[in-house]
Amino acid sequence: MRASALAVLLVIALLSLLPMARLVVAAIAPGGELDFGAFAERLAKPAALRAMWHTLDTAFFGAVLAVCLGGPFAIAVTMTDLPGRKTLGFLLLLPLMIAPQVTALSWLHLFGPSSTLLGMIGMAPPPGTPNPMLGRNGIILLYAVQHAPIVFITLRAGLARVPRDLVEAARASGARPLAVLWTIVLPVIRPYIVAAAALAFVSGVGNFGIPALLGMPVNYLTLPTLIYQDLSSFGPGVLPQIAALSVLVGVLALAGVACQSLALRGAAHRFTVGTPARFELGRSRLPLAVLGWLVIGLILVLPACALLATSLVPSFGVPLGWATLTASNYAEVLVQQASTVRAFRNSILFAGGAALILAIGVIPVTVVLERFGQRWRHVINGIVDLPYAVPGVVLAISCILLFLRPLPLIGSLYATASIILVAYTMRFFTLALKPVTTAVGQISRDLDEAAAVSGARPLRRLATITAPLAAPAAVAGGLLVFMSAFNELTVSALLWSSGNETLGVVLFSLEEAGLGTQAAAIAVSTIVVVVVLLLVLDRFGRRLPAGVLPWR
């Protein structure tokens with residue numbers, strides 16, 4: 001027991017604590033001695049202060065809009081008899097599984113002067129017109145779209161706990177549904193609203209794909225894009241500077257996480273869980289359903305159609321018609337172009353490798369963690385969440401600092417494929433762990449105790465009892481890891497090297513090079529892969545314990 005516990009703690013320390021500690025050391029003691037003065041000077045530079053303000057500004061207002069967008073959907077799906085509410089909820093979650101750079105690219109191609117979709121109906125802006133999505137307002141809007149699913153998932157957890165008795169008592173007293181919602185439901189779930197806003201804020205602080213495509217072309221830099229720009233321009237020589245910026249990003253993100261944790265502390269004790277409350281919409285059912293589908297169409301379907309239309313023309317500005325319809329962009333990126341074919345292969349290998357490693361490894365880790373006390377489990381789970389809670393650019397810089405110099409036995413991993421695989425394993429460890437933790441927690445201890453009484457040793461009990469029962473949850477966690485890593489950009493943008501390009505990196509490069517039609521073809525291909533995997537996972541989720549998949 002003691003040996004296995006130490007082994008698990010060592011794995012968690014290597015995957016979670018070590019990279020963060022190395023980053024902090026590089027920021028405050030780059031020469032081996034503490035130097036807080038130099039650390040403060042790096043953060044006080046005008047470019048850093050301007051990027052910090054842009055980060056806070058866009059993340060805050062993006063979180064507010066995300067609550068305004070995801071909140072009504074959470075209420076409609078959880079507490080009403082809205083027609084098609086489950087499908088609407090599932091579709092609202094798609095932006096969370098689609099890479100931010102793909103979301104940004106789809107909106108750029110929807111509203112730009114070369115918009116193929118708007119050009120088909122004669123509504124494209126005149127040539128030379130600035131794209132309205134570029135800059136601050138576009139970033140805030142897409143933060144809202146990208147992070148509304150986080151709000152939706154968080155608020156659903158709170159709304160499901162509002163007892164029916166409270167709502168029925170208010171309705172019996174003559175209160176109208178909106179009055180009940182405003183005076184009873186929203187005050188009861190206030191901690192979840194704060195937590196949802198905090199999580200959306202944290203996601204905005206660390207988002208790279210959206211400000212990279214919408215902000216960098218107009219020199220509107222946030223902290224993640226400033227770090228990327230400095231490292232791309234000056235190389236490893238500026239590591240102390242970008243380490244300081246990375247620590248700042250991490251502190252902002254962790255402050256949001258702490259706010260979320262404080263908001264949810266004690267929320268479960270505010271009321272007794274009973275049968276969830278339900279509102280009858282009556283004659284409003286159909287109009288509200290139409291409104292819901294209209295919103296989904298505007299934020300999801302229309303940009304996706306713009307992306308698809310762009311991918312089907314030979315070049316920007318060419319109108320889409322039967323004479324110009326072509327699949328040459330797909331042939332180019334899927335078959336002919338060596339870099340994009342290699343990127344597809346690399347992304348599948350890196351994402352699949354991380355998913356396989358984690359799906360196999362989390363079952364024994366979870367079994368050992370179950371033997372710790374509840375307080376220690378909370379601490380360990382917080383450590384495991386750390387690489388996922390901090391922005392991806394922070395983790396990438398941590399990995400560069402950790403693996404730049406040769407290490408015993410493994411040498412230097414910098415500028416190799418291995419560093420990306422290791423970073424993916426660190427970042428998405430918690431995604432694989434949580435479903436298995438839920439599943440193992442629902443396995444009766446009587447089975448393990450009966451096997452132990454019969455003489456079965458721990459490894460045999462793990463292989464014959466726990467692993468088969470937890471395997472579906474491990475597969476689900478592995479699929480979540482694969483989808484998250486498949487077209488990831490934030491981590492790989494700083495870690496890729498020649499021959500180790502990923503899909504996110506190639507898509508970003510093609511768009512920067514003016515090859516938007518090919519970038520659109522890659523984006524559409526990744527969306528198809530993610531949607532298919534989501535549908536498979538949703539169908540597979542019927543066999544999983546409750547709570548394993550966030551949308552079920």
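Here are four short exercises, with worked solutions, on this predicted model.

**Exercise 1.** Compare the expected span of helix H3 (residues 46-79) with the distance between its end C-alpha atoms, then find where H3 has a kink.

*Solution.* Start with the 34 residues of H3: at 1.5 Å a residue, they should span 50 Å. Next, take the end C-alpha atoms, which are 48 Å apart, so the two values agree. Finally, look along H3 for the bend: a kink of about 25° lies at Gly-70, shortly before Pro-72.

**Exercise 2.** Describe how helix H13 (residues 223-234) and helix H19 (residues 392-403) pack.

*Solution.* Two packed helices are described by the angle and the distance between their axes. Here the angle is about 35° and the axes are 10 Å apart. Now list the residues that meet: Pro-224, Ile-227 and Leu-231 from H13, and Val-393, Ile-397 and Ile-400 from H19. Sorted by class, this contact has 6 nonpolar residues, no polar ones and no charged ones.

**Exercise 3.** Which residues of the largest nonpolar core touch the most other members?

*Solution.* Among the 170 residues of this core, they are Ile-397, Leu-494 and Leu-495. Helix H17 (residues 338-369) gives the most to the core, with 13 residues. Then follow Leu-494 outward: beyond four places in sequence, its contacts include Ile-227 and Leu-231, as well as Val-393, Ile-397 and Ile-400.

**Exercise 4.** Is His-109 buried or exposed?

*Solution.* First place His-109 in helix H6 (residues 100-111). Its relative accessible area is 5%; buried means under 20%, so His-109 is buried. Beyond four places in sequence, its contacts include Ser-115, Thr-310, Phe-316 and Glu-511.

Conventions:
Residues numbered from 1 in each chain as written. Predicted model: local features only at pLDDT ≥ 70, side-chain atom pairs only at ≥ 80, totals over all residues. Heavy atoms only, no water. Core = buried A, V, L, I, M, F, W, Y, C linked by side-chain atoms within 4.5 Å. Buried < 20%, exposed > 50% of the residue type's maximum accessible area, 1.4 Å probe, protein only. Helix = DSSP H or I, 4+ residues; strand = E, 2+ residues; numbered from the N terminus. Contact = heavy atoms within 4.5 Å. Expected span 1.5 Å × (residues − 1). Bend = angle between axes of the 7 residues up to and from the residue. Axes fitted to C-alpha atoms, helices over the stretch in contact; angles between N-to-C directions. Nonpolar A, V, L, I, M, F, W, Y, C, P; charged D, E, K, R; others polar.
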